[in-house]
Amino acid sequence: MKTLIKNGRIITAVDDYIGDILIEDEIITVIGKKLEMEADKIIDAKDRLVIPGGIDAHTHMDMPFGGTTSADDFRTGTLAAAHGGTTTIIDFAIQAKGTSIIGALDTWHEKAAGKTAIDYGFHMIVTDLPQERLKEVKRLINDEGVSSFKMFMAYPGVLLVDDATIFRGMSFAGEHGGLVCMHAENGVVIDEIVQRAIAKGHTAPKYHALTRPTKAEAEGVNRAIALAEMAESPVYIVHLSCYDALKKVKEARDEGVPVFAETCPQYLFLDYSDYEREGFEGAKYVMTPALREKWNQDELWTGIRMNDLQVISTDHCPFCMKEQKELGKDDFSKIPNGAPGVETRMSLVYNGGVVAGRISLNRFVEITSTAPAKIFGLFPRKGTIAVGSDADIVIFNPNKKMTISAQTHHMNVDYNPYEGRQVQGVPETVLSRGKVVIENEKYVGKAGDGKYLKRSTVQLRHREVAAAVH
Ligand code: URP
Ligand code: ZN
Ligand code: ZN
């Protein structure tokens, strides 16, 4: 099967030119001007941007959490991702405490196999790591294509691991080319503050934010960096939300420490005032870390521009208001933590970043696709438009406007945190490994189009490639 994309404005992290792209089966084989080859399908991309498919390096599909399960499974969640111009997700498998890490990976493979609309990989959430389990980590990195491991400083009694475990995980992963992704928040202190709030009868959703100070996040980031330095390993801070935490990352990077960090659209476009909405509406925004005071947003954009933040992913973890968020109607600490976002990331970041004049088109591609591909061992197969790369391509209409709404989104959740917001920039046609899965905004793929991606460690092993995103 040959597909020719003609006349598009091809944007990568470094390029910007008008050209044509020939795709043979799953791979880009020729890029040039006015290509005349025969093709089975021709897509006219005149007046459109042609960009690498988005890579969302932080999603939670079908995840048991907070007394329930996230509302999108791998079918609905990846279909929504495709609509939003994302062609790869990296989701989180979870090791149940005291059980096999390999077993957890098998469970997540079962959840995803044959269901997805786009390609996917896994990180592993490690909840305990005695010496005798380290061989499982090695097998994950070397044989199973899972080269990144999330550890939690938050959620005591559920996901939290102690500093010794974090240090052990960082040293071992680092030595074998892996990467620890840190949920950096002092969960022990936060739990103490939460108990005090509840004792005072403070049960409304806004207390979720008021009991999770930015200092608790900054302390976690600081500690994660110190542990990584002692372990002589890189560290990746997930869902960084505020200036206090960013400052710690920036200080370390200025000293040459290999710290990477992501933020998410919710921290760029939503803020604390969302918790003060009428009645129980604030529950829609209960996620961790919490939304911050609005002034933090400008600081995060500066972090993105200065490359102290390399990635924007979503932390997509949707729970419906009905029956799920409602679990915390009388106690904010029982509201399942998380919000939807996999479908809206590309348009929100394009609108709030490029259209608003905060970042260039190249930077837009870099933070939504190229950098996560490099950091998580998918580049150059994913994350760029180049001969030999997978044909994961989005034909993006940079002028079209749309209004975000739960009425029209494809995520399996009964609200949208950005309800009614108008954005400019719409993914119109999306190709996943050469196959059109979204055509003129309509899904035309089938379950199982997406494949599991074994990720490599090569980027982190090669210091100069790490330096490119460093
Ligand atoms: O609120 C959130 N972020 N839920 C998902 C779990 C996590 O910590 O990423
Ligand atoms: Zn987290
Ligand atoms: Zn998460």
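1. Start with H183. One of its polar side-chain atoms is 3.0 Å from an oxygen atom of ligand 1. The model is predicted, so read this distance as a computed one. H183 is also among the closest residues to ligand 1, together with K150, T288, D315 and N337. In total, 14 residues surround this ligand.

2. Backbone atoms take part as well. A polar backbone atom of N337 sits 3.0 Å from a nitrogen atom of ligand 1. At G338, a backbone N or O atom is 3.3 Å from an oxygen atom of the ligand. On its own, ligand 1 would expose 260 Å², and the protein buries 100% of that area.

3. Where does ligand 1 sit? The space it takes is the largest cavity. The shell around the ligand is mixed in class: 7 polar residues, 5 nonpolar and 2 charged.

4. Next, the metals. The zinc ion (ligand 2) has three protein donors: K150 through NZ, H183 through ND1 and H239 through NE2. They lie 2.1 to 2.2 Å from the ion. Along the chain, the donor spacing reads K-x32-H-x55-H. The zinc ion (ligand 3) is 3.9 Å from the zinc ion (ligand 2). Why does the pair K150 and H239 tie together parts that are 89 residues apart in sequence? K150 belongs to strand β11 (residues 148-152), whereas H239 is in the loop between β13 (235-237) and α8 (243-254), so the pair links those parts.

5. K150 and H183 deserve a second look. Both are donors to the zinc ion (ligand 2). Both are also listed among the closest residues to ligand 1. Check the two sites together.

6. Two cis peptide bonds should be checked. One runs from T288 to P289, with omega near -5 degrees. P289 is placed in the loop between α9 (265-269) and α10 (296-305). T288 is itself one of the closest residues to ligand 1. The other cis bond runs from F379 to P380, with omega near 5 degrees. P380 falls in the loop between α12 (361-375) and β16 (393-403).

7. Last, a backbone angle. Which sign does phi of D25 have, positive or negative? Phi is near 55 degrees, a positive value in a residue other than glycine. D25 lies in the loop between β2 (16-24) and β3 (27-32).

Methods. Residues are numbered from 1 along each chain as its sequence is written. Chains are lettered from A and ligands numbered from 1 in the order in which they are written. This is a predicted model: local features need pLDDT of at least 70, side-chain atom pairs count only at pLDDT 80 or more; totals for chains, interfaces and linings use all residues. Side-chain values use heavy atoms; hydrogens and water are left out. A residue is near a molecule or strand if one of its heavy atoms lies within 4 Å of it. A polar contact is a pair of N or O atoms within 3.5 Å; within protein, one must be able to donate a hydrogen and the other to accept it, and residues adjacent in sequence count only if both atoms are side-chain atoms. Accessible areas come from the Shrake-Rupley method with a 1.4 Å probe; for residues, only the protein chains shown count as cover. On a 1 Å grid over the protein atoms alone, a cavity is a set of points where a 1.4 Å probe fits but cannot get out, and a pocket is an open set with protein on both sides within 12 Å along at least five of seven lines; lining residues have an atom within 4 Å of a point. A molecule sits in a cavity or pocket if more than half of its atoms lie within 2 Å of its grid points. Ala, Val, Leu, Ile, Met, Phe, Trp, Tyr, Cys and Pro count as nonpolar, Asp, Glu, Lys and Arg as charged, and the others, Gly among them, as polar. Donors are N, O and S atoms within 2.8 Å of the metal (3.2 Å for Na, K and Ca); water is not among the atoms, so sites may look incomplete. Helices (H or I, at least four residues) and strands (E, at least two) are DSSP runs, numbered from the N terminus.
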